[in-house]
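Trainee: Could you take me through one part of this structure up close? I'd like to see how two helices sit against each other, and then what lies around them.

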Amino acid sequence: MTDIEIAHRISPLKIEEIAKKIGVLNDDLERYGNDKAKIDGNKIKGEKKGKLILVTAISPTPYGEGKTTVSIGLDDALCKLGKNAILALREPSLGPVFGMKGGATGGGYSQIVPMEEINLHFTGDFHAITTANNLLCAAIDNHLYFGNELNINPETISFSRCLDMNDRALRSTKIGFSSDRETKREEHFNITAASEIMTLFCLAKDLEDLKNRIDEIVIGYTYEGTPVLAGQLHITGSMMAVLKDAIKPNLVQTLEGNPALVHGGPFANIAHGCNSLIATELALKLSDYVITEAGFGSDLGAEKFLDIKCRVGNLTPSAIVLVATLKSLKYNAGIKKEDILKENIEAIKIGAANLKAHICNLKQFEIPIVVCLNQYQTDTEEEIKTLKDICAELQVSLEASTAYVNGGEGAISLAKKVLELSEEKHDLKYQYELEDSIEEKLEKLAKNIYHANGVCYSEEAKEKIERLKNTKYEQYSICVAKTQYSLSDDPNKLGNPTNYELHVKDIRLYAGAKFITILLGDIMTMPGLPKRPNYEQIDVIDNEIIGLF
């Protein structure tokens, strides 16, 4: 059966019943039908009591590692063991849904529902974020049209329009040609998941913090080189009006009827890749264990979760789950698609270089780790034993999950190991200090996380870094945007590449998010569609969506 057929066979509980499990009263819910609702976090009092469990993965492959499936299965398993647990996940973007990657609701018997609605419009959060972003863009061009009182140099405008769709044609365009009075300039669209509004939305602590962050967005510079802030356009109030409901976390459920907060959705290869801080902190108030995930591998989502989100929210995970598959290890050993399901012990040993690199990365944060094998029926006993021996050499436990087939029952051993690891208290060690220079921060990440020899910069990147020196912006975190397919900035370098340099193409200041985005290699913030996109498989028959996943 397909994921959607499995989801339709299981009747979800009413959302009021899900809320009751975590002590949320009906009056605190804003219902979107029978099976989803928003929670006004301001009405939920109490301290953050829960233990935070981070799920990440080794370098992604075209086959998918099943990080979300493992996260959901782990949560269901904890609930089966009688623990009060909540999921805190990101919302899917329509770009991958209609493009290549697909949705982000798990799979098999380890899903969150209603999966079609979550993967499509859900409660409209992405639309609100897109609208708020483009409202600010319209205000910028309107200001130029009516005389440019703030003396903005149009060539320095750095805040771009966005769209929640993969559309490469909009990566670079020109605007302002409908009348002679308009300012003609270049424009660059981002996908919504990479927009600054998405990033600051997901890092804001509350409405007031969100408002302050919008005010602080640097939209460009004057002709004299002074930063121009969004707050100077008097647009913040209207943007807040658009976002006031979106900022409330969304409550849904797993197929086994356990609570899940799904809120915010930045990509990890071009943004910071974590769900909203507001949803995470709400989950920590409402439960004893919170399962969350960070996008792509430890070099992307996990590093940003630990160095950016945890720093902002004063969070420390109690344990980290590192997801791997035997297919991904074989892929990192260079095995071709037609041979990927065949038993190959030597390929497991060679491809394990990637797993070892991610374990090395995570150990530097000094949080306990367990490797989770997302197990497939094609995995052989000898291959699994080989992986277990490799993990033993690295002094890391290996637990298997069959949650895709068996739901929470298939992740019981993983859940028990997570409970064991989370008993001890640990202090999170960041990879850099905010007081470090931009170059020092990136050099530390280059050495410790990407295993590079050093960093080289384009002339444009050097100029932008120089502009930020001796300003408050230099003390911000950095958010590295690079390919997800390699630890390096070259997607073709599999395994654990070494003896290379990172290539910094560009720098973008996200002052509202309070981080600086470093663009490496050929990374782009507006993806394109593949030759055979997912949208070709989707249809609606008798008011039912078919072929979506």
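**Two helices and their surroundings**

Mentor: Let's start with the contact itself: in this predicted model, Ile-345, Ile-348, Lys-349, Ala-352, Leu-355 and Lys-356 of α13 touch Glu-382, Glu-383, Thr-386, Leu-387, Ile-390 and Cys-391 of α14. Sorted by class, that contact holds seven nonpolar, one polar and four charged residues. Now look at how the helices lie: α13 covers residues 345-363 and α14 covers residues 381-393, and they pack at an angle of about 35 degrees with their axes 10 Å apart. The crossing of α13 and α14 is right-handed.

Keep an eye on Leu-355, which you just met in α13. Leu-355 turns up again in the largest nonpolar core, a group of 120 residues, where Leu-136, Ile-219 and Leu-355 have the most contacts inside the core. Which helix gives the most to this core? That's α6 (residues 125-145), with nine residues. As a rule of thumb, nonpolar side chains in soluble globular proteins tend to be buried together.

Ile-219 is a good one to click on next. Leaving out residues up to four places away in sequence, Ile-219 touches Leu-136, Ile-140, Ile-152, Thr-156, Ile-157, Ser-158, Phe-159, Val-228, Ala-230 and Leu-233. Apart from the 120-residue core lies another one of 31 residues, with Leu-87, Val-321, Val-323 and Ala-411 among them.

Val-321 and Val-323 bring us to some strands. Strand β16 spans residues 319-324, and β3 pairs with β16 in the parallel sense over five bridges. Here Thr-56 has Leu-322 in β16 as its bridge partner. β3 also pairs with β15 (residues 289-297), again in the parallel sense, over six bridges. On that side, Leu-54 has Thr-292 in β15 as its bridge partner. How enclosed is β3 (residues 51-57)? Six of its seven residues are buried, so the rest of the structure largely encloses β3.

Stay in β15 for a moment, since Phe-296 is found there. Phi of Phe-296 is near 55 degrees, a positive value in a residue other than glycine. That's worth a second look, because most residues other than glycine have a negative phi. Is Phe-296 buried or exposed? Its relative accessibility is 16%, so Phe-296 counts as buried.

Asn-499 makes a nice partner for that story. Phi of Asn-499 is also near 55 degrees, but Asn-499 is exposed, with a relative accessible area of 64%. You'll find Asn-499 in the loop between β20 and β21.

Those two strands belong to an open sheet of four strands, in the order β19-β21-β22-β20, with mixed pairing. The edges are β19 (454-457) and β20 (477-481); each has a single partner strand, so one side of each has no neighbour in the sheet. From one strand to the next, the twist averages 40 degrees. β20 runs parallel to β22 (residues 515-520), and five bridges join them. In that pair, Cys-479 stands opposite Thr-517 in β22. Helix α11 (residues 298-313) packs on the sheet and touches β20 and β22, its direction making about 160 degrees with that of β20. Helix α18 (residues 459-468) packs on the sheet too, touching β19, β21 and β22, and its direction makes about 45 degrees with that of β21.

Technical notes. Residues are numbered from 1 along each chain as its sequence is written. This is a predicted model: local features need pLDDT of at least 70, side-chain atom pairs count only at pLDDT 80 or more; totals for chains, interfaces and linings use all residues. Side-chain values use heavy atoms; hydrogens and water are left out. Axes are lines fitted to C-alpha atoms, for helices over the stretch in contact, and angles run from 0 to 180 degrees between N-to-C directions. A crossing is left-handed if the near helix is turned anticlockwise from the far one by less than a right angle, and right-handed if clockwise. Contact means heavy atoms within 4.5 Å. Ala, Val, Leu, Ile, Met, Phe, Trp, Tyr, Cys and Pro count as nonpolar, Asp, Glu, Lys and Arg as charged, and the others, Gly among them, as polar. Buried means under 20% relative accessible area, exposed over 50%, partly exposed in between (1.4 Å probe, protein chains only). Two strands pair if DSSP finds at least two bridges between them. A nonpolar core is a set of buried Ala, Val, Leu, Ile, Met, Phe, Trp, Tyr and Cys residues joined through side-chain atoms within 4.5 Å.
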